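Student: Could we go through this protein together? I would like to learn how to read its fold.

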Amino acid sequence: MAVNFDKYLYSTGTHYISNSGSDEKGGTKGGQAGDQTGKEWQLKPWYKRPWTVVLRYPNQAVALEIAKLGIAAALNNKVGYDQSQRATYWTQLKAVGYDPSQIVTPCEEDCTAGVTANVKACGYIFGIPALQELNASSTRSSNMRSRFVKAGFKALTASKYLTSGNYLLPGDILLYENHHAATNITLGKYVNGEWHPGDAPAIKTDYDLGERTLRNGDTGTDVKELQQDLIQLGFDCGKYGADGDFGDATEIAVKDFQRSFGLDADGVFGSESYKTLCKAMDAMDKPTGDAYVLIVGGNCYVRTGPSTGCEAIGVAYEDSKWPFAGLVNDENDWLMIDYKGRDGWVSPKYGRLVE
């Protein structure tokens, strides 16, 4: 569905907020998925709740996107309210590429889960790790202020922000702690030239490996570098290889890497995993002694002995280098390598001894 965002963002009549408050029966749980009344999540006039704090993201381009997501979600009646199914909106939002207008599967949220899901979506749209790490399922009105401030929001408590919409910016989060949350949509009439989302500084989207924590769902040049290193170390990242998309296969590869080096195998690539990876790559680049085995002509199994009948203990990928362990089988020229701290054998069909 096409959405006329400016109609709500720059309204000169009604001052709109994106508000989700109850299910189709006026309750908090047990209703049908989706918005049966059109009012479970709706655009409605600003009202005095009372609000205890306004949470404002400093980059106005991001704030504008938060407001647009709030509009699109409120206008899509596939999105309803139910506290017991509050995580299903985020699931659908992620599945459609973070555009609420594209959701076709009925789903549910509640006031804080919906707001948090939209802010988290902006984390992926703009490549902001701190926003990506927000948890839409566990964020409540009691902990929203602390979590959002930690993620980079500013807490505004002056009365002018809490008692009317006149000084609010699109994308401001209205919070009545321990009770309710909503998203401000309309630009306040007394803002006086403070709103310039087109002039907002660009958000960094390209990262060097190690600059941020990586997990399933992330994309970028650092993800591609991680995948390339894992593959070179012998860990399988799936049929798409180093595509820059941290999917299920890459998560499995990270877990295998972590397990191989004695780390907590949680599949999240953080600072400890990065330090360990750097050491492993340094060791690979500096083979023991003067000789190493170069893998050519494709990927090959590493085995416990010098024949295809021996157990495979891993995979050596094409163009990877492994320390030569000093033995060549007299009968078939299989080569012994140091494979992640243990003896392994590779076929001469793939292994080339470089001295």
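Tutor: We shall begin with the whole chain and then turn to selected parts.

Student: Before that, what kind of model is it, and how are residues numbered?

Tutor: This is a predicted model, in which local features need pLDDT of at least 70, side-chain atom pairs count only at pLDDT 80 or more, and totals for chains, interfaces and linings use all residues. Residues are numbered from 1 along each chain as its sequence is written, and side-chain values use heavy atoms, with hydrogens and water left out.

Student: How many helices and strands are there?

Tutor: The protein has 10 helices and 15 strands. Helices (H or I, at least four residues) and strands (E, at least two) are DSSP runs, numbered from the N terminus.

Student: Is the protein a compact globule or more spread out?

Tutor: Its radius of gyration is 27 Å, well over the 20 Å that the globule rule gives for 355 residues, so the protein is more spread out than a compact globule. That radius is taken over C-alpha atoms, and the globule rule is 2.2 Å times the number of residues to the power 0.38. The C-alpha trace spans about 90 × 40 × 35 Å along the principal axes.

Student: What share of the residues is buried?

Tutor: Of the 355 residues, 48% count as buried. Buried means under 20% relative accessible area, exposed means over 50%, and partly exposed lies in between (1.4 Å probe, protein chains only).

Student: And what about contacts between distant parts of the sequence?

Tutor: Among contacts with a separation of 6 or more, 65% come from residues 24 or more positions apart. Contact means heavy atoms within 4.5 Å.

Student: Let us turn to the sheet. In which order do the six strands lie?

Tutor: The six strands form an open sheet in the order 2-1-8-7-3-6, with antiparallel pairing. Strand 2 (41-45) and strand 6 (154-156) stand at the edges with a single partner strand each, so one side of each is left without a neighbour in the sheet. On average, neighbouring strands of this sheet are turned by 30° against each other, direction ignored. Two strands pair if DSSP finds at least two bridges between them.

Student: What joins strand 7 to strand 3 and to strand 8?

Tutor: Three bridges join strand 7 (residues 173-176) to strand 3 (residues 53-56), and four join strand 7 to strand 8 (residues 180-184). In the first pairing, Leu55 has Ile173 as its bridge partner, and Val53 has Leu175. In the second, Leu174 is partnered by Ala182. The hairpin of strand 7 and strand 8 has three residues between the strands, and Asn178 there takes a positive phi near 70°.

Student: Which strands does helix 2 lie across?

Tutor: Helix 2 lies across strand 1 (16-20), strand 2, strand 7 and strand 8, and runs at about 115° to strand 2. Helix 4 (residues 111-126) also packs on the sheet, touching strand 1, strand 2, strand 7 and strand 8, and its direction makes about 40° with that of strand 8. Axes are lines fitted to C-alpha atoms, for helices over the stretch in contact, and angles run from 0 to 180 degrees between N-to-C directions.

Student: Is helix 2 mostly covered or exposed?

Tutor: Helix 2 is mostly covered, with 12 of its 16 residues buried; among them are Val62, Leu64, Ile66 and Leu69. At its start, a side-chain oxygen of Asn59 reaches to within 3.0 Å of the backbone nitrogen of Ala61.

Student: New topic: where is Ser141, and what does its side chain reach?

Tutor: Ser141 sits in the loop between helix 5 (129-132) and helix 6 (144-150), and is buried, with a relative accessible area of 11%. Its side chain reaches the backbone nitrogen of His179 at 3.0 Å, and a polar atom of that side chain lies 3.3 Å from the backbone nitrogen of Asn178. Not counting residues up to four places away in sequence, Ser141 touches residues including Thr112, Leu175 and Tyr176.

Student: Finally, how does strand 13 pair with strand 14?

Tutor: Strand 13 and strand 14 (residues 342-346) run antiparallel and are joined by five bridges. One of the bridge pairs is Asp338 with Asp343. Two residues lie between the strands in this hairpin, where Lys340 takes a positive phi near 55°.

Note on methods:
Polar contact = N/O pair within 3.5 Å; in protein donor to acceptor, adjacent residues only side chain to side chain.
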